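Colleague: Could you take me through this model with the structure open in front of us? I would like each answer to end on the value or name I ask for.

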Amino acid sequence: MRKRNGYLGFAVVVLTILSVMGMGVRLSWAGDYPGKWYGFYGPEDVIKAYHTPNFSPSKWLNQPVIRSWGYEANNVDEIKDLLPAPFYNMIKHPEIWGGIRINETAFQPRREWGHNADLLDAATAKYKGTASVGPNGYIVNYKAGHPFPGTTNALELALNNNFRQDKGDNFKSLGGTVPTERDGHRRYLTQGMFWFNFVGRVLTHTPSWEPNPQGIERMQSFGTIQPYDMRGTTPLLIRYLDPTKQDDMSIYIPSMRRIRRLSTGQRWDRTGGGSDQTWDGTEVFNGNVTNYTWKYLGRKVMLCPRNVMNQPKQEVKGKPIGGLVDKQYQRVNTYVLEYTPKPQMLAPVSRVVMYLDPDTFNAYYGEFYDNAGRIYWMYCAGYHILECGLQIMQSGFVTDIQRVHLTGQYPAGLEGNETASYMNPAFMTMENLKAVWGGR
Amino acid sequence: MGKHKGVYWTLLLALVFALGFVPDKAQGVELLNGDLKIGGKLENYTGVRMQERVFLDGMGSEDAKLKQGQLERMRNTMQVEMEWRMSPDAVLHAIGRADYDAKYSLDSDIPGARDTDHRRSFPDGDNLEFNAAMREFYIKYNPGNFTITAGRQQIVWGESDNLRMSDIINPLDLSWSGGLVGWEDIRIPQWMLDVKYTVPESAYNLTGELVWNPFDFQPTRFAPYGDTYYPFGGITDGLPNVPIFAPASFVLARDALFGAFEDARYRGNGTKSFKNGAVGGRVGTRLGDFQFYLQDYYQPTSSPVLTFNPNPFDSRLGFHVEFPYINTIGGTFSYDSKFLKTVFRGEFGYVTDEPFSSPGPFGTIGLVEKDTFSYMLGFDHSAMIPLLNPNTSIFISGQIFQKYIMQSDETLITQFGEDGSSNHMSIMTLLLSTAYWYDKIKPQVVYVQDLQWMSGMLNPEIAYQPVFEWSFALGYTYIWGKTYQGPFSSWKDNDELYVKIAYKF
């Protein structure tokens with residue numbers, strides 16, 4: 001009897017503790033205006049992390065809306081040809097995805113962006129004609145800026161995308177990845193990223209960081225801060241200038257208390273935590289250019305999220321859509337580029353169509369087709385122009401169209417260029433990164 | 001178990017119903033403007049025995065029994081972790097853990113329920129029923145290219161999974177798991193100083209590390225007699241099967257042996273002394289696609305070695321437990337083969353003067369020191385097999401491990417081989433894991449085989465993680481062997497069906 005009471009008591013204590021912990025605060029942005037159908041539904045600390053202000057404020061706030069289409073707006077059929085077909089279909093079916101609205105605002109010319117855009121454009125002009133494509137299909141003699149301005153050569157466009165330098169010389173972001181089920185059930189990861197460019201530098205140590213004895217092109221580190229399970233997990237990815245040297249990846253796993261080397265052979269594995277994002281599919285393309293065949297499909301005017309309003313983040317309750325729910329779009333004459341995995345790449349996609357900005361070579365959209373030729377994933381990246389002249393990703397999503405599963409992405413540009421000048425090769429060592437990201 | 005089944009299910013259901021009260025997004029506590037983070041976990045690990053295990057006394061009669069259907073464990077864990085960023089370069093970490101294994105109070109039939117002695121791991125005497133401790137408490141400081149970690153901590157070297165060649169700095173607590181759980185939970189943290197240095201802008205990724213344990217010796221912890229993971233299968237309640245012991249001296253000999261372990265226990269825990277220190281270091285470099293480490297560590301061996309020299313005038317009757325010093329020189333490598341899309345890894349260790357027991361004349365047991373060499377070769381490969389999993393790769397990880405005793409002889413008690421005196425041991429391991437449904441369902445299989453003695457272990461498990469904070473796992477541990485000799489055979493007849501429920505915040 002004593003034991004039975006003891007255990008019931010234990011159960012009561014457990015329930016009480018868990019219930020108290022359950023009394024968290026849910027904040028919603030709903031109610032800002034009548035008829036608003038979305039908000040942000042993460043826990044309080046997630047809201048705080050995801051809404052971290054950028055290191056540089058918005059260049060253009062409160063953009064007047066020219067016209068709107070989609071949810072509770074004009075018929076999206078009017079702009080069918082200005083959107084990727086999979087994204088158009090998502091807008092047409094709010095009962096599946098949730099309400100999505102396209103708000104057209106004015107196009108902001110590149111020349112008005114500001115300091116960092118000017119630096120990059122100046123480097124592009126200065127080093128025009130310097131870089132070329134070598135016999136191994138990769139760039140040689142690259143200095144800085146966009147290596148092949150004005151080109152319509154597919155491989156050169158791919159290299160422009162690879163060396164788009166949208167994050168400047170050094171960059172730190174903090175934000176979230178939110179895998180979302182078709183019923184709107186969400187899991188929140190708080191993650192950050194350090195990005196360090198050895199080459200293509202325009203602010204300090206130009207045009208490249210020396211010494212660079214290992215021939216590194218760039219280093220990326222992703223740290224997971226929450227959930228507890230993954231806290232302190234620290235991948236470090238190294239990309240080399242020599243295309244025959246595939247990426248190196250190592251990861252510190254807190255539960256093992258050691259660094260484990262990972263094979264980067266499986267480039268089309270998901271990045272973990274339930275995300276739809278893959279390693280090579282990040283930001284539409286994050287792979288080694290020489291592992292793919294490239295094809296230029298021409299120019300096309302599209303409504304692209306070239307300068308979305310930064311805050312607040314957007315989700316629709318009970319539906320999968322997140323990231324780009326009620327955002328701002330501008331008409332952009334994009335480069336349309338297609339890439340196809342080469343035979344040595346074991347990939348679940350047969351081809352990917354990407355839509356590149358002609359000024360920055362950022363990809364706004366990516367259509368991923370499976371090996372049967374059906375649409376598989378749709379990637380939509382919303383960018384934001386900062387006062388310092390950088391255009392960084394603000395929110396977006398990658399979605400598995402076939403399974404109706406979406407991963408919302410909410411990076412915030414925490415530090416960049418001048419404010420991230422502490423970043424250097426010594427900073428980007430695993431020992432230091434472990435200390436920065438925290439965890440056991 | 002039958003009469004307590006209602007209580008058990010009440011507890012389990014209480015945890016399940018708690019799902020409804022807990023949001024799926026709680027993420028711990030942040031204070032001091034985010035500089036202080038507190039998180040942790042609550043976990044219940046309940047296992048049911050699927051086999052009967054009989055313990056015999058020195059005369060071959062049944063002395064204790066673990067019955068099929070009894071609880072093998074009902075371990076409840078609360079772990080709280082604190083991380084306080086005191087400055088941009090300094091972080092204080094603290095991990096406290098409390099464990100309560102309810103099986104001792106729920107089931108009066110198990111030997112551990114008899115008295116507290118049968119609920120204490122040896123040689124250190126930790127209580128297996130309830131234990132609470134500040135496991136880790138250290139400051140990590142990063143000035144420049146240095147990382148300095150000082151305090152009670154775990155330090156892990158090596159490339160192998162669950163094998164002891166380079167991962168030797170911290171001893172293990174094998175009392176409640178036999179090593180069949182994540183080693184982060186069973187390494188015994190020690191007070192140490194760890195200094196790492198990364199050579200800046202090195203073309204070869206040069207690193208160096210020094211480790212100093214000034215006084216905190218901790219022996220390996222084993223399960224007591226009558227408990228599931230009692231490792232000395234051929235030895236009964238403290239009494240070796242040596243025929244010279246007449247029934248009349250049974251109890252006397254047993255108490256003397258236990259006393260010898262008690263003496264040895266105080267070597268570390270009772271008297272922290274600079275005489276028990278350890279020191280070592282390693283250097284790392286990158287050559288092409290190879291990452292290498294070379295290391296050396298000088299420490300008292302953490303596993304006890306028994307000697308016996310009959311002496312009726314000695315309170316321990318001549319039993320003595322030793323922890324002599326050993327030196328381990330070793331190294332590791334890893335290589336990422338882009339062509340095979342596989343990471344190969346390996347390590348080796350050469351131990352000088354590793355101690356072994358050796359029977360001598362007139363029933364004595366002496367200590368003999370031999371050099372040993374061990375190595376591991378392993379691989380990690382992620383394979384996309386659409387038939388099995390169209391969305392996520394299958395992770396395949398294998399290892400082969402061998403250990404040789406140099407200049408061994410037949411009299412040495414090595415615990416290797418069928419007769420316990422073989423001069424080598426060979427083990428292979430295989431791990432398969434993948435994830436379904438966006439990482440919510442994670443099946444895994446671990447297979448370990450002692451190639452020489454043909455004993456082994458198979459552990460399939462499937463975990464369900466509907467949200468990051470909650471996970472539920474169902475698994476089975478199957479252990480086999482010919483007798484109770486050998487690395488896994490000691491634990492045979494302990495097959496277990498288990499459930500783990502964890503809440504992490």
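Colleague: How much area does chain B expose, and what share of it do carbon and sulfur atoms supply?

Modeller: Please keep in mind that this is a predicted model, in which local features need pLDDT of at least 70 and side-chain atom pairs count only at pLDDT 80 or more, while totals for chains, interfaces and linings use all residues. Residues are numbered from 1 along each chain as its sequence is written, chains are lettered from A and ligands numbered from 1 in the order in which they are written, and side-chain values use heavy atoms, with hydrogens and water left out. With accessible areas taken from the Shrake-Rupley method with a 1.4 Å probe, where for residues only the protein chains shown count as cover, chain B exposes about 20900 Å², and the share from carbon and sulfur atoms is 63%.

Colleague: What percentage of the residues of chain B count as buried?

Modeller: The secondary structure of chain B comes to three helices and 23 strands, where helices (H or I, at least four residues) and strands (E, at least two) are DSSP runs numbered from the N terminus. Buried means under 20% relative accessible area, exposed over 50%, and partly exposed in between, with a 1.4 Å probe and protein chains only. Of the 505 residues of chain B, the buried share is 56%.

Colleague: Which strands of chain B each supply at least two residues of the nonpolar patch?

Modeller: Patches are made of residues with over 30% relative accessible area and no salt bridge (a side-chain nitrogen of Lys or Arg within 4 Å of a carboxyl oxygen of Asp or Glu), with like charges joined within 9 Å and nonpolar side chains (Val, Leu, Ile, Met, Phe, Trp, Tyr) within 5 Å. The patch covers about 600 Å² and includes B:Trp84, B:Met86 and B:Tyr141; B:Met86 is found in strand E5 of chain B and is partly exposed, at a relative accessible area of 38%. The strands asked for are E1 (29–31), E5 (71–87) and E7 (130–141).

Colleague: How large is the area buried between chain A and chain B?

Modeller: Counting contact as heavy atoms within 4.5 Å, 75 residues of chain A are in contact with 84 residues of chain B. Buried area is the accessible area (1.4 Å probe) that two parts lose on being put together, summed over both. Carbon and sulfur atoms give 51% of this area, which is about 6800 Å².

Colleague: Which element gives the most to the side of chain A that touches chain B?

Modeller: There are 12 salt bridges between the two chains, one of which joins the side chains of A:Arg257 and B:Glu136 (2.7 Å, N to O). Among the elements of chain A that each supply at least two residues of the side touching chain B are helix H2 (44–50), strand E7 (216–226) and helix H7 (430–437). With 11 residues, the element that gives the most is H1(A).

Colleague: Are the partners of the salt bridge between B:Glu81 and A:Arg440 buried or exposed?

Modeller: The closest N and O atoms of B:Glu81 and A:Arg440 are 3.7 Å apart, and the pair crosses between chains, from strand E5 of chain B to the segment after H7 of chain A. The relative accessibility is 11% for B:Glu81 and 12% for A:Arg440. As both values lie under the 20% limit, B:Glu81 and A:Arg440 count as buried.
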